[in-house]
Amino acid sequence: MTFTTNSSLPWLILLLPLASAAIITLFTRRSKTLSAAISVGAVLGSFLCSCAVFTKIDISAPEFTWIDIRGTLQVPIGFILDDLSRLMLLVVSGVGSLIHIYSLGYMRDDAGKSRYFAALSLFMFAMLGIVLSNNFVMLFIFWELVGFTSYVLIGHWFERDAAAEAGKKAFITTRIGDFGFMIGILMIWIASGSIVFDDIVAHLSKITSNPTYLTIAALLIFCGAVGKSAQFPLHVWLPDAMEGPTPVSALIHAATMVAAGVYLLVRVGFLIQASQTALLVIAWIGTITALLGALMATQQSDIKRILAYSTISQLGYMVMAVGLTSNEAAMFHLFTHAFFKALLFLAAGSIIVSLHHEQDIWKMGGLSRNLKITFATFFVGALALIGCPPFSGFFSKDAILALAYQQNMSIFVAGLTTALLTAFYVSRAMTVVFLGKPRSDLARAGAESPPVMTGPLIILAALALIGGWPVFAQNFLIVPHEKETVLTVPILALTALIAGSGIAIWLYRNRDHEPLHADLIRHRFYIDEFYQWLIRISQEFLARVAAFIDRWIIDLGAVRGASGGTFGLGSLLRLFQVGNLQAYAFLFGLGIVALIYFTIFR
Amino acid sequence: MLLFLALCPIAAAILILVGSPARFTALVAAILNLIVALALFIEFDRTATGFQFVSSFVVSTDWGIHFAFGVDGLSLLMLLLAALVTAAAIWFTDKIDNYENSFYACLLLISAGAIGAFASIDLFFFYAFHELALIPTFLLIGIWGTGNRVRAAWKITIYLTVGSFVLLIGLILLYQSLPAASRSFDFRALQSVIAGQGIADEAQRHIYLLLLLGFGILISLFPFHSWAPEAYASAPPPAAMLHAGVLKKFGLYGLLRLAIPMLPDGAHYWTQLLVILLLGNIIYIGLVTIAQKQLDWMLGYSSVMHMGYIFLGIASANAIGTTGAATLIFAHGLSIALLFAMAGEVRARTGTLSFNELGGLAKVMPFAGLAFGFAAFAAIGLPGFANFASEIMIFFGAFRHGWEMQGFHLFQIATVFALWGVVISTVYMLRAYRATFMGTMPERWAKVVDLGRGLRIPVAILIAGLISVGFFPQTVVNIITPVIRTYFAANK
Amino acid sequence: MVTLGYYLIVSGILFTIGFAGVMLRRNIIIILMALELMLNAANLSLVAFSRFHVDPTGAPNYNAQVFVFFIITVAAAEVAVGLAIVVALFRLRQTTHVEDITSLKF
């Protein structure tokens, strides 16, 4: 491996955060400010290198052989540096840097600050690894690592039972997705002979020769995305993940990790797009997720949970776009969503810190007076989210809706309804949190956050505004163009937007408590309860049955049986030990007779 | 060098029994062994085939018995594992109140038995060294254990003796089935038999079944596993570390070294049986592990479960799976040793390992929490640790066996189940970690003290082993694949 | 003509009497005497075989007679030890009846 300045950049991007995590864990745990500084420095370094990589058109980096068995299994650690990964590098390291800086303020007084920044650095390492991977196994490695760091960060305040449980739930749920993912990888490897993406593309005909096989493999790989991107039915971990610190929610559970699933789908688009069935399934799962997420967001009263369900819903849009065969639209929405969702979460974090960790929207109110910058930036983010022109969300969501309009009317209707609901719950949140009168003392006393926190907010707000403008976005990705139906879709979308917001503002203005009671939605369609029941069945019932069999049947039968048999035989033989000398002599004589018989006469 | 490796623990044991300071002598011996093992690892010639560092003394020419030691890639890995875990186990030994000398002597004898068995290239001494380790295990569990220790000690000893007995019959039959002229206990002679015409098919099947059952009992193959959880729960932590981490692997090493290469037809014949049994290990025992309410029992059952993965790699009968199996032996040994060590530390401080009573310990024992966390995530196959690299190889190897595009066959289905086993292991391990170290802490643990600074070194040794192979598995693959290649090339 | 067979029959009868004595008598010393009788029956048959088996050169085969000497020596030693044990047992249990000495039962 020779290192020239040109080719070592990708390695630098990847390894700087890892070095930061290692140094903090091993050496600087006592010194919290130093740890924070190292972490922020590392991610800024990665960002600068990512910018450099972005501008260099022709760049390649040396590979490293992780496993090589006689050529039958070759796992390289190598990089893919096409437009897609360069874009993701910028998004991940850029948003990551902003959130690191924000964390300096948010986590200022936290006791576990070193631990937090070490985990955050490790996360950056893993996430950058995902977008740089050139083969399935390497991607899976970083995929799992991202899940691990998410677990650590969700459970950062581990003394709280809720946080510990949430981290566990997140890791296990994503692992279930990874189960399907791995089977898909195995199927692709064995059929095409390689795990490297470029090689698989070259040998694609071997897989497409059997359409059923291809569909199953594609859907199994989709399972991984279902887990990581919180699609239905594996979405249940994301709302609980809000137990983690808000910057974590912003970075991992809004902008980057959950987007990894969408990135995966786009990366292996060559596989998915070869199967119409897979595309249809993916599109529908995305649609259902989008609709469900939006519905569930309308009844939540914790501001972070509203945003969490909103994330689920927006991810549904991205997956829907993938299923509608437009990777460009999916990536465009991922791009804009990263900015405005991170912005919304960070703004929510600003509110939470100002109100001393109060998260219930019904205890807020009238915050527009005191938290001016937070209000303004949140407003920008909200407008982007509901798809109001000229903000970024309008362009990306519009692209997806246009696709649906052209290809699948039922999906379009669902998407439009979701847009209406999105406008509804966002306006609901805005109205209850910022407008009207303060509902508690905390709300009355809340003050604006320090510049280290509002700075990133302003930067993200600017990006949320211009991110969708073609003049800006086309430098980074391919902006999807609508073909015919130029005006129908935007008009319908705007109508939905106005309707949704209007109803919400009218309903929620000047209220003290929740006027709508839709129990089914408020209990999130009882999906969590259903899973609890399933787990209870398998864990308690099955496991107890197995434990019972193990203890009583196998143990008793085989082991006790063997020892009991030995004891029984011993008791039987004991009968010969009578202690009587003459009886022994008699038996002795019998033995001699038998011996003579067997030697002489047989 | 190899002679030193095997005899140093025995010499140290004798010295301790005679009266030298127990902990100091044992520690010195273990660290010396570790250094020698690492030196062997570095000096090992990766391009040569056959055994290296051979030293041989004739014992009986009639029977063909030699007191012979030698290493190739596979045994080198095992020796490294044994040296690492021995050093860690002795370092982790707490203060012993009664018969301290005998305790350390027993530990050293177990280590000597394991190292001797791995380094032996003579069948006779291979078996003999393993038997050497049985009685010290009995003593360690019976005298210095906790809970129902006497019962556990009896159970493990008698069960394993029965297993050794079945194994002995198998080995004798193996010896008898060799052509009379070239009968020898020497592995190199056995290898030339493999290269030649091999053993008759019919005989292979019987012998292989005996070897599989014999070794299987020693490895806690389902359904012969019930000795393991009880024994590990009752054993003192260093004994559990050595047994689960090293001694149990003797059986797997035997399968890889003897049974598979010499009896390929037999192995092929009994593949389906082995797959069913190993799925029992993974799924059935996995479910039982979830039901456990105590950390020591849970760890005992989890070690039984992970044997299933190693068996899957062995059963897959190709270079990928077998290499993965060998690497997982190394990885699992290290991770389970660290897990048992941490569990022992928790029990020493709180007196209990019940999930209902523990909680939030990471607040008062942050280093223990970190170490246990590393070990737990290594055990469930997090990338970056050796276990993941080896499991990847096992899954790929197993999935490949007998694959056709039209449908899934036995091995593909087995791989799917094994992958589900990964989810199962995540459930129980995370649940254990959360119940022990996270959440609200009951008041009575507020005074608990964290691990001493000295203990950071053995923890670092074990984790360093796991991470270095996890990041650079090719180093291990490079020394194992030549060995595997000679075996499979001769037969396929 | 007294042939080999006669000696063997006598030897057999002696052996049987001795064996019956071992099994049926109560007194330990009588049992030891019966044991001696069995040994001497064996001696008799050995000497008879030696006397009546002559190899082609005309010399009798003396191996058996030499063996008889061994047996006599061993018998003597055995009686000495046996009687010592009986004396010790008598001192302990005050009885020479074999039925009373049954502590070695399970």
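User: What order do the elements of chain C run in, from the N terminus on?
Analyst: In this predicted model, they run α-α-α. Chain C has three helices and zero strands, both taken as DSSP runs numbered from the N terminus (helices H or I, at least four residues; strands E, at least two).

User: What does chain C span along its principal axes?
Analyst: Its C-alpha trace covers about 60 × 25 × 25 Å. The radius of gyration of chain C is 18 Å, where a compact globule of 106 residues would be near 13 Å. That radius is over C-alpha atoms, and the globule rule is 2.2 Å times the number of residues to the power 0.38.

User: How much of chain C is buried?
Analyst: 23% of its 106 residues. Buried is under 20% relative accessible area, exposed over 50%, partly exposed in between (1.4 Å probe, protein chains only).

User: Switching to chain B. Where is Ser220(B)?
Analyst: Ser220(B) sits in the loop between α9 and α10. Its phi is positive, about 60°, though it is not a glycine. Ser220(B) has 0% relative accessibility, so it counts as buried.

User: Which peptide bond is cis around there?
Analyst: The one from Phe222(B) to Pro223(B), with omega near 0°. Pro223(B) is in the loop between α9 (201-219) and α10 (227-234). Most peptide bonds are trans.

User: And in chain A, what joins Pro389(A) and Pro390(A)?
Analyst: A cis peptide bond, omega about 0°. Pro390(A) is in the loop between α18 (372-386) and α19 (392-407).

User: How are things numbered and filtered?
Analyst: Residues count from 1 along each chain as its sequence is written, while chains are lettered from A and ligands numbered from 1 in the order written. Local features need pLDDT of at least 70, side-chain atom pairs count only at pLDDT 80 or more, totals for chains, interfaces and linings use all residues, and side-chain values use heavy atoms, without hydrogens and water.
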